[in-house]
Each structure stands twice: as structure tokens, then as C-alpha cells.
Amino acid sequence: MSKVGSSLGATFGKVVPAAVFGALFLGFWEWAVRFFELKPYFLTAPSAISEQFVNNFSLIRAAATVSGTNALIGLVAGTTLGVAMSFVLSRFKFLNQIITPLAVALNAVPIFVLVAVLNNMYSITSEVPRRIMVALVVYFIVLVNVARGLTQVSSTHVELMRSYAASDVAILRKVRIPNAVPFLFVSLKIAAPAAVITAFVSEYFGGSQNGLGSRISSNIANSKNAAGWAYVVGACLLGLLFYSFSVVMESLNRKGRAK
Amino acid sequence: MSAVNIRNVSKAFNEGKSNQVDALRDVSLDVKQGEFVSLIGPSGCGKSTLLRLIANLLEPTSGEVSVNGKSAVQARLDQDYGMAFQQAGLFDWRTVRKNIELPLELKGWEKADRRARADEMLQLVKLPEFGDHYPWQLSGGMQQRIAIARALAAHPPLLLMDEPVGALDEMTREYMQGELLRICAATGTTVVFVTHSIPEAVYLSNRVVVMSPRPGRITKVVDVALGGERSEDTRNRTAFFEAITAVREGLRGMHAAHVGLGNDDR
């Protein structure tokens, strides 16, 4: 019991300073807007934003569902493709040597601008280009990490398996795949927030005005800053949801290994 | 029939290139059933290479290696030997018991049989209560005992060990040496053992094979006249010190020429 109590206490001790800081920050923001009489188009007060958030909640939720669905479908598709391709790469060394440097380089550039090109390939109201874009971003992140997990195995383990006359398939199943699992979860922790960001940014390049990204830009364009901010809050919450999910998945995996 | 027979074996890396390394040249060695043989020598003398040729993890450039009267390849395919390395090499994602079961899984044993054998091996290395632990919950010495249990799980007639206690502290090391002798006596296993330590080689072995580098070769074989039964008292006997001196002289023969120039131990 005391162990549970102390770990709760530790969590509490970590949360409280952050929560206090956040509250103070919002308070200072509210005070600054009122004291300096800042115009709403320059900076909107937190109270006005929260009012807009409550009033527009059902609209924000609908927009979040559109962006969230795009992010989720792209995340699942990209992860599936990335894992599949990493198996191919780990099997064929020469492919690995060609594709891995390319994938690493692509991870470092803002490839989500490609959505502008993808938009031309589909009808104006299609969500497909955005989903493809999310999948591409996720794909390269997962590919690079999982391929690393499949190939960077301990030389002692490989020699041991060869001493057992183990086949390549057995080495894959008993050594490479278990070794790659933590790499997959780490890559998801990077890929999940990236998927959400890509889904938002993809909406800036045209298509239906139905997601959080496009709602933010259109509200700001119409000088409805408080409403724009309310959608930003929605976007933050959606990003947090995806990130938390990946963190929970990883900790479940870690617990499964360390009973 | 010898447990291991090595006839005129040479091994060159990067053969025919400018950076060719003669890891072994014209090595012959015969290990009898039930014998404990240590390979000792400075870095680069080819002792680990020789062990890997016996294990068929490497192919000789010339010469022949046979294990239990079979070719080295066939012996590996039949899992006629178990192997332990300097790193315990346990799998973090498997429990201790599942680690020991691995070679049996690959042989296609039934689950119940695997479990029974793993428990038997845990008894043998005196860690019966640790079956459900994960490797990282164990000390270095315990991990090495599990690695030895895994190497012996399929009851192979031959055990190949590459500095299996080299990474442990001196006290754990001496304890492990005693345990190793006890386990080998209990199972009748033949052992080929690679080490850097002269007292360790002498304490454990019936014969100590002294090797020298560039090219790797056998320079001396020391018979250790300590008999089969060994205990902590063995370390104080005159025959123990005589054997140590004999091995040291064997190593010193090449001392001036090679110490300080050693390259990677291949």
C-alpha cells in the first residue's frame, strides 16, 4: 500500500508544479490582455477563447473527427507499410543500403508539402490526399526505426543461433522481431504526433474546409480570432490524445516484458 | 573416437588481399572424450578463431575439423555441442526458463519436455527459484550460469566456451570455475575453453594449449598433473604452481616478440 501511495505522491509531485505554472501563465495572459487593453486581433484573452470553445464545441468536435480520422487512417496505413518494408529491407542488404539513407534524409525534410501535388490527383472534396500524406510521413519514420531494430541485433545472439543450426526464418522469429518491437513503439511515439500535425497542415493546401486545420485558417482569415484559438485548443487536445495513446501502448509493451 | 580432431588447419582472413591475416597456420589438436582443454595465448593468437572453427561458425581455409567423428558442419547441424560466450547473451524478452528452452525449441521438443529439462538445468546450476525471472534481474555471475545451463540443455557431449567468466570479478570467477568443474563432472561433458588467465586454465584443465600470434599456431601443450578431483586446496598444491610455471614459460617464449603488438583477437 505504501508503495502505491508513494508512487501516487510522486505523480502528484510532478503534476502539481506544471499545473500551477500553467494556471499562472493563463492568469498572466488574461491580466495582460485586460491591463494593456490589447485588441482581440492582436491577442485574444483566454476567457474569450474558452467561451468560444464551449459555444462551438460540437463544431470543433466534428472538425476534430475529420482531422483525427485522417490522422488515424494515415497512421495505421503508414505503420503497416513501414513494418512490411522494413522486413524487405532487412532481408535484402543491397536494398537497405540504397533506401535507408534516402528514408533518413526524407525524415529531415518537410515532405508534407507534397500534399499540394497529391491534391491535384484527386477530386477537390477527397480526403484521400491528406491520408496518403499522413501515411507517407509515418511510413518513413516507422521504416527507419523498425529496420534498425531488425538489423541491429547482438552478434553473440546471431552466433548463438547459428551454433543451434537455426534457419534464417527462426533467427527472424526468435531474435530479430523481438529485438525490433521496442523500436516499433519508439517510432510510434514519434509518428503519432507527426500524423496529427501532418493531417492539420495538409488542410492548408486546399480541399474541403472541414478539418481543424482549415477551420483555424478560415476563422483567422475572417478575423474571428477567439474562434480560431478555440480550434487551436481542439487541435492541441487531439495531438495529446494521439501522443498519450502511443505512450500507453509503449508502457504496456514494457510491462509485458518486465512482469 | 576423439571428441574433437583438428588436422593441419589453417585459416586466413581477407585471403589473397594486401590485408591478409593468417589467423591460424597448420594447427593440429586432438581432444579426447571427457577431457577439459584450455586454449591460452595473447590477443591475436587465433584461440577464438580455433574455437569458432570447431563450432563451424567459421570454415577453415585448409585442413580438416571433425567433432565426434563427424564433419564440423554435420556436428553443428546435429547440435553436438553447446556454446557459451564472454557475454552471457541471454534474451532480455525471455524469462530465464525460456532462455534455457531455446535450443530445445529449435530442436522441436514438446513443451512439457522442454520445461522439465529447463527445470533440471536450473537445478544443475543451483538457480532453481529463478526460472520466472528475467535476465536483467540477475547478477552477472548468475547470468553466466544460466548461459551455461542453456549451452548444456540439449545434453551435448561437447561444450565450447569463449572466455565465459572473463567479464566477472575475481571472486565470482573462482566460484564459477568450481561450478564449471562440478557441472562437467556431473554431465561427463568434454570442454574446449578459451581464456586469458593462466591460473584459470591450469585449475580447470587436463591440458593447456599455449598459442602464439602472427601466424596463430600452437607452441606448447602442457599436461596438468592434478588428477580429476579438484577443490580450493588444488590452488595451493606444488603441481598447480609447476603447471602455471610451465604455461608461463610457454607464453614467455614468444613474449619479447609480441607483447604490446597484439591486434584484435580473431
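Helix α6 of chain A is a good place to start in this predicted model, since 21 of its 24 residues are buried. In other words, α6(A) is mostly covered. The helix takes in residues 128-151. How far apart should its ends be, at 1.5 Å a residue? The expected span is 34 Å, and the end C-alpha atoms sit 33 Å apart, so the two values agree.

A second helix of chain A, α3, holds Val83(A). Buried or exposed is not quite the choice here: Val83(A) counts as partly exposed because 19 other C-beta atoms lie within 10 Å, where 20 or more would make a residue buried. Leaving out neighbours within four places in sequence, the contacts of Val83(A) are Val142(A), Val146(A) and Leu184(A). The C-alpha atom of Val83(A) is also 12 Å from that of Ala135(A), a residue 52 places away along the chain.

Helix α3(A), residues 57-91, also meets helix α9(A), residues 212-221. Their axes come within 8 Å and cross at roughly 130°, which means that α3(A) is oblique to α9(A). On the α3(A) side the residues involved are Ala63(A), Ala64(A) and Ser67(A), and they meet Leu212(A), Gly213(A) and Arg215(A) of α9(A). By type, this contact is made up of 3 nonpolar, 2 polar and 1 charged residues.

Zooming out, chain A is assigned two domains, with residues 1-38 in domain 1 and residues 44-257 in domain 2. Between the C-alpha centres of these two domains of chain A there are 30 Å.

Chain B gets a domain assignment as well, and here domain 1 comes in two pieces, 4-80 and 157-258, while domain 2 covers 90-155. Taken over C-alpha atoms, the centres of the two domains of chain B are separated by 25 Å. How many residues are in contact between them? On the domain 1 side of chain B there are 14, and on the domain 2 side there are 13. Which helix gives the most to the domain 1 side? That is α6 of chain B (residues 170-187), with 7 residues. The domain 1 side as a whole splits into 9 nonpolar, 4 polar and 1 charged residues.

The two chains touch each other too, with 14 residues of chain B in contact with 15 residues of chain A. On the chain B side, the elements that supply two or more residues are α2(B), residues 72-77, and α3(B). The largest share, 3 residues, comes from α3(B). Sorted by type, the chain B side has 10 nonpolar residues, 3 polar and 1 charged.

That brings the picture to α3(B) itself, which runs over residues 96-106. Which of its residues are buried? They are Val96(B), Asn99(B), Ile100(B), Glu101(B), Leu102(B), Pro103(B) and Leu104(B). Their cover draws on both chains: it includes α8 of chain A (168-202), along with α4 (111-124) and α5 (140-152) of chain B. Just past the end of α3(B), Gly108(B) adopts a positive phi of about 80°.

Definitions and conventions: Residues numbered from 1 in each chain as written. Chains lettered and ligands numbered in written order. Predicted model: local features only at pLDDT ≥ 70, side-chain atom pairs only at ≥ 80, totals over all residues. Buried ≥ 20, exposed ≤ 12 C-beta atoms within 10 Å, placed from the backbone. Helix = DSSP H or I, 4+ residues; strand = E, 2+ residues; numbered from the N terminus. Contact = placed C-beta atoms within 7 Å. Nonpolar A, V, L, I, M, F, W, Y, C, P; charged D, E, K, R; others polar. Domains from an automatic or database assignment. Axes fitted to C-alpha atoms, helices over the stretch in contact; angles between N-to-C directions. Parallel < 35°, antiparallel > 145°, perpendicular 65-115°, else oblique. Expected span 1.5 Å × (residues − 1).
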